[in-house]
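Student: I have a sequence and a fold in front of me. Can we work through them with short questions and short answers?

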Amino acid sequence: MANPRTSIARTADSKAVTSASSLALASNPDRLEVTIVNDADTADVYLGFVTPSNPTGAAIAGKGIALNLNGGNWTSSSYTGAITVVTAGAGVSSVTVLEF
């Protein structure tokens, strides 16, 4: 039997992250897995998700899931909603987003 994951499109994107919450990845009901890696060496990055207490899904610096600088990462094999990002620093950071 063929592995169903081998036929799934994989995407890898680099996204700029600033102190304003922005979309890192749109919702995708077909998503099998997502990994987000903080590529910055200057600041932590925070993730945002749509929840009852955060209906817009905006990422808020200092709250929620933190991706530490220099490779901090987060992976989910169950979340299919939109993901937003924000940096805790003053400059521009970047994240790599991998979706399967």
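## Salt bridges first

Tutor: Start with a pair of charges. The side chains of E99 and R31 form a salt bridge, at 2.8 Å from N to O. The pair brings together distant parts of the chain, with E99 in strand β8 (residues 93-99) and R31 in the loop between β2 (22-25) and β3 (34-38). Keep in mind that this is a predicted model.

Student: How many residues apart are E99 and R31?

Tutor: E99 belongs to strand β8. R31 belongs to the loop between β2 and β3. Along the chain, their separation is 68 residues.

Student: Is E99 buried or exposed?

Tutor: A residue is called buried under 20% relative accessible area. E99 has 11% relative accessibility, so E99 counts as buried.

Student: And R31, buried or exposed?

Tutor: Use the cut-off of under 20% again. R31 has a relative accessible area of 5%. Therefore R31 is buried.

Student: Why can such side chains pair at all?

Tutor: Their charges are opposite. Pairing can happen when the charged atoms come close.

Student: How many salt bridges does the structure hold?

Tutor: One of them joins E99 and R31. Another joins the side chains of D13 and K15, at 3.8 Å from N to O. The structure's count is 2.

Student: How do D13 and K15 count by accessibility?

Tutor: Buried is under 20% and exposed is over 50%, with partly exposed in between. D13 has a relative accessible area of 42%. K15 has 26%. So both D13 and K15 are partly exposed.

Student: How far apart do the centres of the positive and negative sets lie?

Tutor: The protein has 5 positive side chains and 7 negative ones. Each set has a centre. The two centres are separated by 6 Å.

## The whole chain

Student: Which elements make up the protein, from the N terminus on?

Tutor: The secondary structure has 0 helices and 8 strands. From the N terminus on, the order is therefore a run of strands, β-β-β-β-β-β-β-β.

Student: What is the radius of gyration, set against a compact globule?

Tutor: With 100 residues, a compact globule would have a radius of gyration near 13 Å. The protein's value agrees with that. It is 14 Å.

Student: What share of the contacts joins residues at least 24 apart?

Tutor: Take contacts between residues at least 6 apart in sequence. Then ask which of these join residues at least 24 apart. The share is 83%.

Student: What percentage of the residues is buried?

Tutor: The protein has 100 residues. Buried means under 20% relative accessible area. The buried share is 32%.

## Strand β3 and its contacts

Student: How far apart in space are V37 and T96?

Tutor: V37 is in strand β3. V37 touches residues including S94, V95 and T96. V37 and T96 are 59 residues apart in sequence. Their C-alpha atoms are 5.2 Å apart.

Student: Is N38 buried or exposed?

Tutor: N38 is in strand β3 too. Beyond its neighbours within four places, N38 contacts residues including A43, L67, N70, G72 and S94. The C-alpha atoms of N38 and S94 are 6.4 Å apart. With a relative accessible area of 0%, N38 is buried.

## Loops

Student: Which residues does T42 touch, leaving out those up to four places away?

Tutor: T42 lies in the loop between β3 and β4 (45-48). T42 is exposed, with a relative accessible area of 60%. Its contacts are L69 and S93.

Student: What is the phi of N70?

Tutor: Most residues other than glycine have a negative phi. N70 is not a glycine, yet its phi is positive. N70 sits in the loop between β5 (66-67) and β6 (73-76). The phi of N70 is about 65°.

Student: How far apart in space are S78 and E33?

Tutor: S78 is in the loop between β6 and β7 (83-87). At 64% relative accessibility, S78 counts as exposed. S78 and E33 are 45 residues apart in sequence. From C-alpha to C-alpha, the distance is 6.8 Å.

Definitions and conventions: Residues numbered from 1 in each chain as written. Predicted model: local features only at pLDDT ≥ 70, side-chain atom pairs only at ≥ 80, totals over all residues. Heavy atoms only, no water. Helix = DSSP H or I, 4+ residues; strand = E, 2+ residues; numbered from the N terminus. Rg over C-alpha atoms; globule rule 2.2 N^0.38 Å. Buried < 20%, exposed > 50% of the residue type's maximum accessible area, 1.4 Å probe, protein only. Contact = heavy atoms within 4.5 Å. Lys, Arg positive; Asp, Glu negative; His and termini not counted. Charge placed at Lys NZ, Arg CZ, Asp CG, Glu CD. Salt bridge = Lys/Arg side-chain N within 4 Å of Asp/Glu carboxyl O.
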